[in-house]
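The following exchange examines a ligand site by setting computed values against their definitions.

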Amino acid sequence: MEQISVVVADDVEQTRQDISRLLYFEDDISVVGEAATGEEAIEVVKEVKPDVVLMDINMPGMDGIQATEEITSHFSGTAIIIISIQGEQEYLKKAMMAGAREYLIKPFSGDDVASTIRQVAKVKRSYSFGQAIGSAEIEKKSQAKVVTLFSGKGGTGKSLAATNLSIVLGRSFKVALVDLDMQFGDISLMLGLNSKRNLEHLLEEEIIDWDVLQGYLLHHLSGIQVMPGLGSVEHNEKIERNLIEKLVNCLKEHFDYLILDLTTGFNETNLFALECADVIVQMVTPDLLSLKSAISSQRLFEALGNGHKVLTLENFAGRNGAFKQQMVEKTLEQTVVASIPYDEKTVLTAVNKGVPPTLVRSSNALNQAFEKLAETVAGKAVPDKSGKGLIRKIFSF
Ligand SMILES: Nc1ncnc2c1ncn2[C@@H]1O[C@H](COP(=O)(O)OP(=O)(O)OP(=O)(O)O)[C@@H](O)[C@H]1O
Ligand SMILES: [Mg+2]
């Protein structure tokens with residue numbers, strides 16, 4: 001039986017002992033280390049490289065949130081489960097943003113802790129190349145469906161659509177969202193994620209393979225994985241097509257969907273992303289300039305032999321003075337697959353808080369539009385397999 005190794009980090013010795021006792025009779029789970037502070041937790045993880053850490057939030061010195069951030073950014077093979085007491089919800093949300101996978105409220109039963117450990121270890125393994133090597137899944141090298149968000153004009157809502165499409169697809173599929181905006185990539189910010197390593201650091205890697213990329217992917221609390229863009233604009237010219245090609249080809253083997261968020265227009269990276277896409281989502285806004293640019297882009301897609309991949313997504317629908325959807329469709333001679341309403345308050349708050357609207361389940365028009373887009377991209381309805389998952393639990397506080 002494959003063993004799941006666990007480290008327990010809590011400043012109260014009695015709690016550490018209680019948890020070890022709860023897990024003592026689980027044949028497939030072994031407690032391999034303990035820590036009383038955040039610093040100690042990092043040291044123990046460095047030493048024993050456990051599958052899972054049960055992490056308390058309030059500890060003297062470095063707290064559980066900082067320790068979670070350190071561990072998830074340096075030891076991608078270790079998953080964190082936060083253990084907290086009722087009333088620490090604000091911290092809890094922060095810990096999830098720092099990369100924790102699940103949480104348990106103290107006191108919890110042996111069954112609760114064991115099943116949560118098994119669940120995060122299972123997800124971790126399904127993403128882990130090392131564990132899966134040789135398995136049928138890797139042998140047949142599953143290839144992700146690549147979806148590219150594009151528009152000829154800036155500020156049409158590509159990044160907003162890329163993040164929300166990823167989250168909706170992520171309810172049923174393994175999704176990686178890749179920030180390929182070489183000018184001002186905003187994806188991490190929009191998802192409330194902190195990235196220490198990004199595309200710039202990838203330039204220094206000798207080889208780019210799944211083992212290396214796992215150290216770069218950020219785990220978002222929705223379950224999707226995110227490849228952050230550039231840390232600064234200065235180095236964008238160093239990111240060559242060759243690097244993007246290696247990155248995309250490697251990620252394709254490990255996910256069901258790869259969502260690529262692009263900068264505006266046609267540059268070398270974008271041309272590659274459009275070429276390798278199975279679906280190109282062209283964002284348009286219902287105004288003359290956007291439609292004019294969409295018509296020019298469509299001509300270029302046709303000339304490049306990519307015309308058949310294009311889905312038209314409308315944003316800013318219903319904005320003052322905007323064209324009606326029928327007018328947009330008639331002008332472009334395309335069907336609009338989904339129409340995102342103009343909703344300044346909701347969108348701006350979501351962006352500023354780093355909490356995309358689809359993270360919170362709701363039947364509002366904004367969420368419905370992203371669900372319809374996901375359904376069209378997937379070719380079928382995207383059922384919610386996440387059950388009463390993490391997100392709903394967090395936001396139902
Ligand atoms: N449906 C909407 N309602 C209101 N505001 C929106 C909507 N969609 C996007 N916005 C706002 O428009 C701005 C641009 O959105 P976003 O960054 O997603 O566009 P983009 O196409 O990725 O931009 P860029 O070309 O700079 O990459 C954001 O400030 C966002 O808050
Ligand atoms: Mg953008």
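Ala, Val, Leu, Ile, Met, Phe, Trp, Tyr, Cys and Pro count as nonpolar, Asp, Glu, Lys and Arg as charged, and the others, Gly among them, as polar. The model is predicted: local features need pLDDT of at least 70, side-chain atom pairs count only at pLDDT 80 or more, and totals for chains, interfaces and linings use all residues. Residues are numbered from 1 along each chain as its sequence is written, chains are lettered from A and ligands numbered from 1 in the order in which they are written, and side-chain values use heavy atoms, with hydrogens and water left out.

Q: What makes up the shell around ligand 1, by class?
A: Under that division, the shell has nine nonpolar, seven polar and four charged residues.

Q: Why is Asn315 called buried or exposed?
A: Buried means under 20% relative accessible area, exposed over 50%, and partly exposed in between (1.4 Å probe, protein chains only). Asn315 has 4% relative accessibility and therefore counts as buried.

Q: What makes the pair formed by a side-chain atom of Asn315 and a nitrogen atom of ligand 1 a polar contact?
A: A polar contact is a pair of N or O atoms within 3.5 Å; within protein, one must be able to donate a hydrogen and the other to accept it, and residues adjacent in sequence count only if both atoms are side-chain atoms. The polar side-chain atom of Asn315 lies 2.9 Å from the ligand nitrogen.

Q: Which element holds Asn315?
A: Asn315 is found in strand β12, where strands (E, at least two residues) are DSSP runs numbered from the N terminus.

Note on methods
Helix = DSSP H or I, 4+ residues; strand = E, 2+ residues; numbered from the N terminus.
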